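Reader: Before we discuss any details, could you put the sequence and the structure in front of us?

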Amino acid sequence: MGLYVKTKIDGLEKLEKHIEFVKKMALLKTNKDFQEYIQNKFLETVNKISMERLPVGSISLEYISHNQIRKLDDGFILYNDTTIETDTEGYGGQFSIALAFEYGTGIVGQEHPKKDAWEYNVKQHTGAWLYYKDGSFHITKGFEGYEIYRYTLEEIKLKLKDWVREYRVGGVSK
């Protein structure tokens, strides 16, 4: 299986220009200035989407401050590692706020799109989850995920070509 690229080239001069363009694009992969430029665009995008989708509050602001880039030899990873301490078994002392914000926690079953994917009143359950905090018990029905990284990916796919063009045309690339 291969990658096929269609071009509309009708002459040797246009072919040479296209080959030169492909060479320049290949060099961007190892261009540190370009990598930093794209990384900043990714961070700007995820922070913008986080601000738009998350409810206002101190946990939301902490979450946004944890959107980060991890540089690798052959690229980078956009990630968020926001956690809170917990003494609940199975979490290793930390609960991932980032995962909860992305995927949600314990949404009300009747809103689940898959038929029979949920069941109420299991073991006399009252339709919510009970947790202990600050000396008393609290009840939650959970919340839907905000899908920040999914929306970020969609936005990046839409804008990546423009960012590359912007970088090259803006005089940053030589």
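Reader: Is Thr45 buried or exposed?
Author: This is a predicted model, and in it Thr45 belongs to helix α2. The relative accessibility of Thr45 is 5%, and the cut-off for a buried residue is under 20%. Thr45 therefore counts as buried.

Reader: Which residues does Thr45 touch, not counting those up to four places away in sequence?
Author: Neighbours up to four places away in sequence are set aside here, and a contact requires heavy atoms within 4.5 Å. One of the residues that remain, Glu155, lies in helix α5. The full set touched by Thr45 is Thr152, Glu155, Ile156 and Trp163.

Reader: Why does Glu155 count as buried?
Author: Glu155 is in contact with Thr45, Lys48 and Ile49 when its neighbours within four places in sequence are left aside. The classification itself, however, rests on accessible area, for which buried means under 20%. Glu155 counts as buried because its relative accessibility is 17%.

Reader: Which helix gives the most residues to the largest nonpolar core?
Author: The largest nonpolar core holds 21 residues, and those with the most contacts inside it are Leu54, Tyr63 and Ile148. At least two residues of this core come from each of α2 (32-53), α3 (58-65), α4 (97-103) and α5 (148-169). With six residues, the helix that gives the most to this core is α2.

Reader: Leaving aside neighbours within four places in sequence, what is Tyr63 in contact with?
Author: Tyr63 is among the residues with the most contacts inside the largest nonpolar core, as are Leu54 and Ile148. Both of these partners also appear in the contact list of Tyr63 once neighbours within four places in sequence are left aside. That list reads Ser50, Leu54, Asn80, Thr82, Ala98, Phe101, Ile148 and Tyr149.

Reader: Is Leu12 buried or exposed?
Author: In soluble globular proteins, nonpolar side chains tend to be buried together. Leu12, found in helix α1 (residues 12-28), makes a nonpolar surface patch of about 270 Å² with Leu15 and Ile19. At a relative accessibility of 60%, where the cut-off is over 50%, Leu12 counts as exposed.

Reader: What pattern does the chain follow when read along the sequence?
Author: The chain has five helices and eight strands. Among contacts with a separation of 6 or more, 53% join residues 24 or more positions apart. Read along the sequence, the pattern is α-α-α-β-β-β-β-α-β-β-β-β-α.

Definitions and conventions:
Residues are numbered from 1 along each chain as its sequence is written. This is a predicted model: local features need pLDDT of at least 70, side-chain atom pairs count only at pLDDT 80 or more; totals for chains, interfaces and linings use all residues. Side-chain values use heavy atoms; hydrogens and water are left out. A nonpolar core is a set of buried Ala, Val, Leu, Ile, Met, Phe, Trp, Tyr and Cys residues joined through side-chain atoms within 4.5 Å. Buried means under 20% relative accessible area, exposed over 50%, partly exposed in between (1.4 Å probe, protein chains only). Helices (H or I, at least four residues) and strands (E, at least two) are DSSP runs, numbered from the N terminus. Patches are made of residues with over 30% relative accessible area and no salt bridge: like charges are joined within 9 Å, nonpolar side chains (Val, Leu, Ile, Met, Phe, Trp, Tyr) within 5 Å. Accessible areas come from the Shrake-Rupley method with a 1.4 Å probe; for residues, only the protein chains shown count as cover. A salt bridge is a side-chain nitrogen of Lys or Arg within 4 Å of a carboxyl oxygen of Asp or Glu.
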